[in-house]
Amino acid sequence: MKKATIRNVAELANVSVASVSRYLNNKAAGRLSKEKAQAIEQAIKTLNYIPDLAARQMATNQSKTIAVVVSNIDDYFSTELFKGASNILHLKDYDAFLLDTNADQNQEKELIKTVSSSFFDGLLFQPLGSDAKKIASEFIHDIPTVILDRRLDSTKWPQVISNNEAVSKTATQYFLDKGCNDILILSSEVKIASTRQDRYQGICSVADEKQIHLIQIDEESYNHTIIKKKIEAFLQKQQKLQKKTLIFSFKERWLLEFIPLLIADGYFPNNSVYVTGFSDTKLAHLLLPTSKLISQNPYLMGASAAEILLKLLNKKDNKTSFDPLVIPAKF
């Protein structure tokens, strides 16, 4: 079947092409009668007409599309960010497009280059790193942008972040008070992202350096079996020394990947091994109902970032310097 055109819609609705264009571009108020608007709406439905995105952009200087670039869709955090953002954007007739850097900095660079030189009206961006100058260098053109989940030493962009250091400190102190001797951290490379740096600093602020042990996981090429063996070797050593251990996961993904295997091998439940970490969904809480976890709200973070971006797009916020918006995680 031949694709319907704007002219077909106009003919069926018995109106001009200009009237259909005004209707599609939200410029009909006061210029189009209710009867004509209803006729156009019915014609669009009858013909299953899909507006030409490029033509709309030329007419309005807007595409009504937003790019949401996340660090890794394997993480529930990233997908929940997108859900929150897309729902808010949809209410204002914007379409959100999810783009994944797959924890690859070269891929991130190419994506941002493409997004900032394309038809997108704005960008919600969860960068892999926290170097503001490096991030800025990835843009071909400036577009309205909100940074998600990264604390940058820059006020150029609005940022929606969490209280990573404070909540990690609170959680660590809680388990130290319960008699934990050592802390085994499961994390992607710490130095790359401010979220992980802040969480690590929170632990270091209340625990002795000798108590802290770190297993860093390469998101792109980690060997599941090797990581599991490292965790088990550490726990076995702790058992021999009769020491209590806290496994602290900086990402829900690592909780869900490794803790079930340790449960199957008999390491839990165990009075000498505790588990905590950042949880973005209900899955980790269902898996570890007796554990005390850190609950984040990535859905709210995404929704809040979308609301900020809409203000920028509608010129309701003309600031050139922005303070971060903190959505607290709870322990």
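**Helix packing and the parallel sheet**

The crossing of helix 10 and helix 11 is right-handed. In this predicted model, helix 10 spans residues 224–240 and helix 11 spans residues 252–264. Their axes lie 11 Å apart and meet at an angle of about 55°. The two helices are therefore oblique to each other, since an angle of this kind falls outside the ranges counted as roughly parallel (under 35 degrees), roughly antiparallel (over 145) or roughly perpendicular (65 to 115).

On the side of helix 10, the contact is formed by His 224, Ile 227, Lys 228, Ile 231, Glu 232 and Leu 235. Helix 11 contributes Glu 257, Phe 258, Leu 261 and Leu 262. By class, the residues of this contact comprise six nonpolar, one polar and three charged.

The model also contains an open sheet of five strands, paired in parallel and arranged in the order 7-6-8-9-10. Strand 7 (212–217) and strand 10 (294–295) are at the edges. Each of these two has a single partner strand, so one side of each is left without a neighbour in the sheet. In general, strands of a sheet pair through backbone hydrogen bonds. At one edge, strand 10 pairs with strand 9 (residues 273–279) in the parallel sense, over two bridges. Within this part of the sheet, Ser 279 stands opposite Ser 295 of strand 10.

Helix 8, residues 164–177, lies across four strands of the model, namely strand 6 (182–188), strand 8 (245–249), strand 9 and strand 10. Relative to strand 9, helix 8 runs at about 165°.

How values were computed. Residues numbered from 1 in each chain as written. Predicted model: local features only at pLDDT ≥ 70, side-chain atom pairs only at ≥ 80, totals over all residues. Heavy atoms only, no water. Pairing = 2+ DSSP bridges. Contact = heavy atoms within 4.5 Å. Axes fitted to C-alpha atoms, helices over the stretch in contact; angles between N-to-C directions. Left-handed = near helix turned anticlockwise from the far one by under 90°. Nonpolar A, V, L, I, M, F, W, Y, C, P; charged D, E, K, R; others polar.
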